[in-house]
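Here are some exercises to work through with the structure open beside you. Try each one yourself before reading the solution.

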Amino acid sequence: MDFVTIEIIPFIKNHLLLSLGWIVLFVAIIVLTVKSKLSKVKIINNAQAINMMNNQNAVIVDIRSADSFKKGHITESHNILPIDIKNASAKTIDKFKENIIIVVDDNGLTSASIGEVLVKQGFLHVFTLKDGIAGWNGENLPLVRK
């Protein structure tokens, strides 16, 4: 037996929960990585979003609460709650099914799942903004306050 095998087996036996935790974490990372690579919803950065807005008529869908939206949002954003998208009651964006859609949330954590819903509803080009409004604001990019 080699050194690695001699050391690993007793470690696993002595630290079963820790070892299982590492295995679960490792598998989760692999699953999430594969899932994101196969997803039709791609993550873009602020520069890519600006380029799409300026040159490709991208439509911004801000999925934050109305209060958060009023405190600051990207110019010409459509404020639509996730529940309205999931229920397919967000009729204001139906006409943009062939446009580029950029889904924006607070910090980039929930927009991908809403983007997947939009893809299932027939939207062809759906993206999410990496780090959401927090990242946008962190780079001192302009926000409209209403």
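**Exercise 1.** What covers the buried residues of α6?

Solution. Keep in mind that this is a predicted model.

- Step 1: Find helix α6, which spans residues 111–120.
- Step 2: Pick out its buried residues, which are Ser111, Ile114, Gly115, Leu118 and Val119.
- Step 3: Check how they are spread around the helix. They take up an arc of only 150 degrees around the axis, so they sit on the same side of α6.
- Step 4: Look at what lies against them. The cover includes α5 (82–86), β4 and β5.
- Step 5: Go just past the end of α6, and you meet glycine 122, with a positive phi of about 105 degrees.

**Exercise 2.** Work out the order of the strands in the sheet, and say which strands stand at the edges.

Solution. Build the sheet up pair by pair.

- Step 1: Start with β1 (residues 42–44) and β5, which run parallel and are joined by three bridges.
- Step 2: Move on to β4 (residues 100–104), which pairs with β5 in the parallel sense over four bridges.
- Step 3: Now take β2 (residues 59–62), which pairs with β4, also parallel and over four bridges.
- Step 4: Put it together with β3 included. The five strands form an open sheet in the order β1-β5-β4-β2-β3, with parallel pairing.
- Step 5: Read off the edges. β1 and β3 (78–79) each have a single partner strand, so one side of each has no neighbour in the sheet.

As background, strands of a sheet pair through backbone hydrogen bonds, either parallel or antiparallel.

**Exercise 3.** Find the bridge partners in β5 of lysine 42, isoleucine 44 and isoleucine 100.

Solution. Take the β1 side before the β4 side.

- Step 1: On β1, lysine 42 is partnered with phenylalanine 127 of β5.
- Step 2: Isoleucine 44 has leucine 129 as its bridge partner in β5.
- Step 3: Over on β4, isoleucine 100 is partnered with histidine 125 of β5.
- Step 4: For a path across the sheet, try valine 103 in β4. Valine 61 stands opposite valine 103, and valine 103 in turn stands opposite threonine 128 in β5.

**Exercise 4.** How many residues of β4 are buried, and what is the handedness of the unit that β4 makes with α6 and β5?

Solution. Count, then trace the chain.

- Step 1: Count along β4, where five of its five residues are buried.
- Step 2: Sort them by face. Ile100, Ile102 and Val104 are buried on one side, and Ile101 and Val103 are buried on the other.
- Step 3: Do the count for β5 (residues 125–129), where four of its five residues are buried.
- Step 4: Follow the chain from β4 through α6 to β5, and you get a right-handed β-α-β unit.

**Exercise 5.** Are asparagine 45, asparagine 46 and isoleucine 93 buried or partly exposed?

Solution. Here you need the cut-off: buried means under 20% relative accessible area, and partly exposed runs from there up to 50%.

- Step 1: Asparagine 45 is in the loop between β1 and α3 (46–55). Its relative accessible area is 36%, so asparagine 45 is partly exposed. Beyond its sequence neighbours within four places, asparagine 45 contacts Leu129 and Lys130.
- Step 2: Asparagine 46 belongs to helix α3. With 5% relative accessibility, asparagine 46 is buried. Leaving out residues up to four places away, its contacts include Leu129, Lys130, Gly135 and Trp136.
- Step 3: Isoleucine 93 is in the loop between α5 and β4. At 1% relative accessible area, isoleucine 93 is buried. Outside its neighbours within four places in sequence, isoleucine 93 touches Val61, His78, Ile80, Leu118 and Phe123.

**Exercise 6.** Which residues does the UniProt annotation "transmembrane region" cover, and how far apart are the centres of the two domains?

Solution. Use the record, then the model.

- Step 1: The UniProt annotation, from an unreviewed entry, covers residues 16–34.
- Step 2: In the model, residues 16–34 are 100% helix and 0% strand, with end C-alpha atoms 27 Å apart.
- Step 3: The domain assignment gives domain 1 (1–38) and domain 2 (42–139).
- Step 4: The C-alpha centres of domain 1 and domain 2 are 36 Å apart.

Conventions:
Residues numbered from 1 in each chain as written. Predicted model: local features only at pLDDT ≥ 70, side-chain atom pairs only at ≥ 80, totals over all residues. Heavy atoms only, no water. Buried < 20%, exposed > 50% of the residue type's maximum accessible area, 1.4 Å probe, protein only. Helix = DSSP H or I, 4+ residues; strand = E, 2+ residues; numbered from the N terminus. Pairing = 2+ DSSP bridges. Right-handed = clockwise from strand over helix to strand, strands pointing away. UniProt positions renumbered as here; feature names shortened; annotations may be inferred. Arc of directions from axis to C-beta. Contact = heavy atoms within 4.5 Å. Domains from an automatic or database assignment.
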